[in-house]
Structure formats: structure tokens, C-alpha cells
Amino acid sequence: MGIASINPATGETVKTFTPLSDAELEEKLKRADRAFHQYRHTMMVQRSRWLRNAADILEREAQAFGEIITLEMGKPIAQAVAEVNKCALVCRYYADNAAEFLADRPVATDASFSYTAYHPLGAILAVMPWNFPFWQVFRFAAPALMAGNVGLLKHASNVPQCALAIESILVEAGFPSGAFQTLLVGADRVPQLLADDRIQAATLTGSEGAGISLAQEAGKNLKKTVLELGGSDPFIVMGSANLEAAVSTAVTARMLNTGQSCIAAKRFILHESIAEEFERRFLAKLEALKFGDPLSPESDLGPLATPGIRDELHQQVQQLLKEGATLRLGGELPEGPGNFYPPTLISDIPSGTLADHDELFGPVALLFRVSTIDEAIALANLVPYGLGASAWTTVAPEQQQFISELEAGAVFINGMVKSDSRLPFGGIKKSGYGRELALEGIQEFVNIKTVVIS
């Protein structure tokens, strides 16, 4: 795919971009290397000041940046503006807390003095996706810059204006030239970048296949990586749950960003005692949702980001129906321009279908019924992913069993799975490894150095 802004609501090509030549890419790598050797010595208080400036810019221009997001990948405008404002929060979080997170840690040994120090690594390559095109960059950039690293962003090829806007924000905020640069290159140039000695590590948010590819290339060059990949998150509702709260949250958890989220609830696992009532209420709320122009405040859902994503999702829906599942709502390609797909509900899914191993990236909810908590946990853990899990119960022993036995990087009890700057974020199994955000996120890309003075 070329580097271009293509409006997913209309199919119109808004703007195309020429990928960097080898000479242009080399100049950006030189600039990053030069910048690091100076930037690493800047005072933490100065980095904090620049990052707070970035937060101010994000908040001041949230509507304009939100419109760029909507134009390029179709997110409903209110959600796009909220994404920009969330980026300001992560900037302020690390501006406030990085000094404490990276402070030397004294350790008592038999030496005169010993401690652990946290020093920057250098240039970090970030390979980022289109579905949260600002948030997933800033949750990397804020801690990386506060740690004294410099960033190189290879963004998804369908959100180049978002990528360039992010670089412009950080430049305007005062970060030195070369501290953060956008690289307009295709995925085919990533191996070349990972082989370059000036790049010390890489982080990727994206599909399982993309993560495997990057990890293989990074491994050849002994480069540290953090991977945040796909998910097929369970949303479990037990008999004691507050049903109205669970249903309302379930709609948001599945349909936010038109279902295009790794941590979206995708498989709704319902105890048989409440399954029928949950399904009735859930179906009614899904039927009331409207999809259309993502710039209109009347639209609950926008288009999917690309025609290929819509085609793959529809093929998965059709395959599930062939495998014996029941279509309760949606499941048909609408006529007209744009990559729209209706809210879709599928139930009565037999075991051994693609639901056991595939991620459905779009507004499709899958319903399952179980009779015990053990059955619910076994079904939740069946898939190869382990990103997030939501479980609804007011019974304390059930809550503890979910917390200890669900195979996921995050478990939310009676709430929707979401990322929060204050909490580590990441997955297990084929959802990746490493953590972003919180203390753990900023310490992923530093040299944890042992210092002993005798």
C-alpha cells in the first residue's frame, strides 16, 4: 500500500506522499544520532517542560487534530478528539513522574556504595498502527523522550498526516531537532532500519504477523523489542452481575472505534442464568446504533479504515455462519461508497470455528453461553491471545478466581478494559510481550545499569 490519506468514508484519495529516498532516510538517521548525543544530557526538568508544552498544544488543537484522525482512518469525531486529549494526559503523567521513575536506586551491598541507574539507550524505532494513530504514538513517545532517548516513527501508511502532525507538535513544543522524527517509509524498509547500529531498540503495536516479522529482524540484530499485538478479549457476565451496567458497557467495549481495537471486547461469555436477558438487551442497544459520516455527531460508528479490513471481516462473518453460527443482526455489506459495516451480532457458535483462534477487527460481537465459572474461564483462555479480559460478578470468590486464572495482561472486574497512563499495559501469549505506560513502560527502553563503588 502506498503512503496516502484516503478518506475511508468516501474512498477519496485526499493526499499522497513520496516515500523517503535512501539518502533522505540516511540524513534522518544521522540527525537522530547527533540529537541523541546532545539530548541525553538535557536536564529532566527541561524535558518535562517541553512535554507539558506538547500537552498544551494537544489540548488547544484537539478539534483540528481529531479531524485529521477522522479524515484518515474514520474514527467518529467525538472519539477522535477524546483520543487527542488522552495524549495530553500521558504527556503530563510522564512530565510529572519520570524523574522519580528514573531516579538512582541505592542498594545495600558490601561495597562502599552501590546503586541502580537508569540511562537512555539511543534512537528507538516505533512501528505504529492506524487505529489509535495519536494515542499509540504518544504512549511510546512521552516515556521515551523523558528517559533521554530519541524517537523514530514509522507510522501506518494510511495515516501519514497524523504522523507528520505528531512530529510538528513535538517540534513546536521545543524538543531539539532530531529528537523525534517521522519516517515516511513503507514496511519493506523496517528490516533496513533494524539492521542499522544507530537504532538501539524497537517497539511495535499491530498484528500478530507484523510483530513476528519485526521480532525476527530485531532478533537477528540483537535489538530489544516491545510488542503489543492482537487480542480476542473475553467479556464474561455471571449471574450476580449488574445486568444493565454490563450490557451498556458491553456495547461500548465492542463498538468503540467501530470495533477496531486490540482491547475491544470481542467474545461475550454469558452465564446461562442471565444469557437470554443479556442477549435481548444487547441486541436492542446494537439495533439503535447508527453508522455513517464520522464527522457527524449523529454517527455512533464510522467506516472501517480500509476496504481490505472490511472485506476480511465480512469473510470471517460468512465463514462463521457456514460453520453453524446464527446471525442475529447485521452481517451484510451496505451499498454505497465508503468502508462501512453494520453492527453485527452472532450467537450459537459451535466449538472448533474460527472464533477459537481468529481476531475479528470490527463491529462484530460473538455470543457464547456457559453453565459454570470454570467453563467460562476455559472458554476465555481457549484463544491464543491474552491481552485483556473483563469479568462481571459481585461474588468475591468468583472475582478472585477470574483475577488469578484468566490468561491476560489485564483483568477488569465489573468494568471495561482500557489503557490508563498510571497502569502498565501489554499482553501475554500471542498478544505480545513487554509493557507500555506506568513505571514499567518507561523502564523498557533504558539501560538498567549496576553501579558499584568500592
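# Working through helices, a sheet and empty spaces

**Exercise 1. Find out which residues bring H2 and H5 together, and how the two helices run relative to each other.**

Let's start with the contact itself: from H2, Met-44, Arg-47, Ser-48, Leu-51 and Leu-58 touch Phe-138, Ala-142, Leu-145 and Met-146 of H5. Sort those residues by class and you get seven nonpolar, one polar and one charged. Keep in mind that this is a predicted model.

Next, the geometry. The axes of H2 (residues 44-60) and H5 come within 9 Å, crossing at roughly 155 degrees. Angles over 145 count as roughly antiparallel, so H2 is roughly antiparallel to H5.

**Exercise 2. Lay out the open sheet strand by strand, and say which strands stand at its edges.**

Step one is the order: seven strands line up as S12-S13-S14-S11-S10-S16-S17, with mixed pairing.

Step two is the edges. Strands S12 (326-329) and S17 (410-413) each have a single partner strand, so one side of each has no neighbour in the sheet. Going from one strand to the next, the twist averages 25 degrees.

Step three, zoom in on one pair. S12 pairs with S13 (residues 344-347) in the antiparallel sense, over three bridges. If you click on Leu-327, look for its bridge partner Ile-346 in S13.

Last step: what packs on the sheet? Helix H13 (residues 396-405) does, touching S10, S16 (388-392) and S17. The direction of H13 makes about 165 degrees with that of S17.

**Exercise 3. Describe the largest pocket and work out which element gives the most to its lining.**

Begin with the volume, which is about 910 Å³ for the largest pocket. Its lining takes in 36 residues, and Pro-129, Trp-130, Gly-206, Ser-207 and Ala-210 lie nearest the centre.

Now for the elements. At least two lining residues apiece come from helix H7 (190-194), strand S8 (199-205), helix H8 (208-220) and helix H11 (307-322). H8 gives the most, with six residues. By class, the lining of the largest pocket has 18 nonpolar, 12 polar and six charged residues.

**Exercise 4. Do the same for the second largest pocket.**

Here the space comes to about 470 Å³. There are 29 lining residues, with Lys-86, Phe-132, Leu-256, Ile-263 and Lys-418 the closest to the centre of this second largest pocket.

Helix H4 (77-101), helix H5 (135-146), strand S10 (233-237) and helix H9 (243-255) each put at least two residues into this lining. The most come from H4, which supplies four. The class split for the second largest pocket is 14 nonpolar, eight polar and seven charged.

**Exercise 5. Locate the two largest cavities and name the elements around them.**

First, the count: searching the whole structure turns up three cavities of 30 Å³ or more. The largest cavity has a volume of about 110 Å³. Among its 15 lining residues, Phe-140, Pro-143, Gly-441, Glu-444 and Phe-445 are the closest to the centre. H5 and helix H14 (438-442) each supply at least two lining residues, and H5 gives the most, with four. That lining divides into eight nonpolar, three polar and four charged residues.

Then the second largest cavity, with about 80 Å³ of space. Of the 16 residues lining it, Pro-234, Ala-380, Tyr-385, Gly-388 and Glu-407 are closest to its centre. S10, strand S15 (385-386) and S16 each give two or more residues. Sorted by class, the lining of the second largest cavity holds eight nonpolar, four polar and four charged residues.

Key:
Residues are numbered from 1 along each chain as its sequence is written. This is a predicted model: local features need pLDDT of at least 70, side-chain atom pairs count only at pLDDT 80 or more; totals for chains, interfaces and linings use all residues. Side-chain values use heavy atoms; hydrogens and water are left out. On a 1 Å grid over the protein atoms alone, a cavity is a set of points where a 1.4 Å probe fits but cannot get out, and a pocket is an open set with protein on both sides within 12 Å along at least five of seven lines; lining residues have an atom within 4 Å of a point. Grid points are joined across faces, edges and corners, and a volume is the space filled by probe spheres set on the points. Ala, Val, Leu, Ile, Met, Phe, Trp, Tyr, Cys and Pro count as nonpolar, Asp, Glu, Lys and Arg as charged, and the others, Gly among them, as polar. Axes are lines fitted to C-alpha atoms, for helices over the stretch in contact, and angles run from 0 to 180 degrees between N-to-C directions. Angles under 35 degrees count as roughly parallel, over 145 as roughly antiparallel, 65 to 115 as roughly perpendicular and the rest as oblique. Contact means heavy atoms within 4.5 Å. Two strands pair if DSSP finds at least two bridges between them.
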